[in-house]
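Work through the following exercises with the sequence and the coordinates open beside you. Each task is followed by a solution that goes step by step.

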Amino acid sequence: DRDGFRALILSPADRRLILLGKSLACLPVGAASALVLLIVVTVWLPLSSWVFLATVFQLVAGLMIAGLGGNLLSILAPYRIQPGSMKPTKLPGLTMLMLVVCQLMFPLAMAPAFVPPLAGFLWQRWGGPPAVLVNLGLSLALAAVMGLVYWRTLGPLGRLLQRRETKILGVVTVEVE
């Protein structure tokens, strides 16, 4: 929404709160689809409630990683969407390359969410505590760390948005054939 972005630039709102609002606006889509899939898998493969809870914490961490990456990408590689559709207009080569590289790096960015179950499996295999307890503890810790990282990066990302907002506005409002 080009006029909406123009209004955000002119508003005195703190830019970190704008980024937080953007992430919260995207949250229901990602969280709802992941929770539905998680519930289906939990019912289909009778998983314990502890595994379900650990997976919810991993989902929280993953959504924070995605929100952080989405905020950064929307600041560094903005592009115009055709009015009335969800199709981007013709992208500049550098923006296209950046988006492709980011999509290829997405599994690597989400790798921390896979560490707790792997650690639980390995520790139990080596005679340690039950995998579900290690998985749950590390998943809770991961969600807490990602929450702290997300919160601490909102300020610097908000300042970056404020420095680049006129350039972003130029990109999203230019008429392209």
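The exercises below begin with the overall fold and then turn to individual helices and residues.

**Exercise 1. Overall fold**

Determine which secondary-structure elements the protein has, and how its C-alpha atoms fill space.

Solution. The model is a predicted one. Counting the elements gives six helices and zero strands, and reading from the N terminus on, the order is α-α-α-α-α-α. Along the principal axes, the C-alpha atoms fill a box of roughly 60 × 30 × 25 Å. Turning to burial, 29% of the 177 residues count as buried. Finally, when contacts are restricted to pairs at least 6 apart in sequence, 73% of them join residues at least 24 apart.

**Exercise 2. Spans of α2 and α3**

Compare the expected span of helix α2 with the distance between its end C-alpha atoms, and then repeat the comparison for α3.

Solution. Helix α2 covers residues 15–44 and helix α3 covers residues 49–76. The expected span is 1.5 Å times one less than the number of residues. For α2, whose 30 residues should therefore span 44 Å, the end C-alpha atoms lie 43 Å apart, which agrees with the expectation. For α3, the 28 residues should span 40 Å, and the end C-alpha atoms are 40 Å apart, so the two values agree. The local course of α2 should be examined as well: the helix bends by about 35° at L27, and a proline, P28, follows within four residues.

**Exercise 3. The crossing of α2 and α3**

Describe how the axes of α2 and α3 are arranged, and which residues of the two helices meet.

Solution. Begin with the axes, which come within 9 Å and cross at roughly 145°; the crossing is right-handed. Next, list the contacts: on the α2 side they include L19, K22, S23, L27, G30 and A31, whereas on the α3 side they include F52, T55, V56, L59, L63 and G67. Sorted by class, the contact of α2 with α3 has twelve nonpolar, eight polar and one charged residues. Burial can then be added to this picture, with L19, S23 and A31 among the buried residues of α2, and L59 and G67 among those of α3. The buried residues of α3 pack against α2, but also against α4 (93–109), α5 (115–125) and α6 (131–173).

**Exercise 4. Is A54 buried or exposed?**

Classify A54 by its accessibility, and identify its contacts beyond neighbours within four places in sequence.

Solution. A54 is found in helix α3. Its relative accessible area is 0%, and because buried means under 20%, A54 is classed as buried. Leaving aside neighbours within four places in sequence, A54 is in contact with N135, L136 and S139. For the pair A54 and N135, the separation in sequence is 81 residues, while the C-alpha to C-alpha distance is 6.4 Å.

**Exercise 5. Two residues of α6**

Classify E165 and A143 by accessibility, and state which residues E165 and A143 contact.

Solution. E165 lies in helix α6, and so does A143. At 10% relative accessibility, E165 counts as buried, and A143, also at 10%, counts as buried. With neighbours within four places in sequence left aside, E165 is in contact with F5, I9 and R15, and R15 is itself one of the buried residues of α2. With neighbours within four places again left aside, A143 is in contact with F57, V60, A61 and M64, of which A61 is among the buried residues of α3. A143 and A113 are 30 residues apart in sequence, and their C-alpha atoms are 8.9 Å apart in space.

Key: Residues are numbered from 1 along each chain as its sequence is written. This is a predicted model: local features need pLDDT of at least 70, side-chain atom pairs count only at pLDDT 80 or more; totals for chains, interfaces and linings use all residues. Side-chain values use heavy atoms; hydrogens and water are left out. Axes are lines fitted to C-alpha atoms, for helices over the stretch in contact, and angles run from 0 to 180 degrees between N-to-C directions. A crossing is left-handed if the near helix is turned anticlockwise from the far one by less than a right angle, and right-handed if clockwise. Contact means heavy atoms within 4.5 Å. Ala, Val, Leu, Ile, Met, Phe, Trp, Tyr, Cys and Pro count as nonpolar, Asp, Glu, Lys and Arg as charged, and the others, Gly among them, as polar. The bend at a residue is the angle between axes fitted to the seven residues ending there and the seven starting there. Buried means under 20% relative accessible area, exposed over 50%, partly exposed in between (1.4 Å probe, protein chains only).
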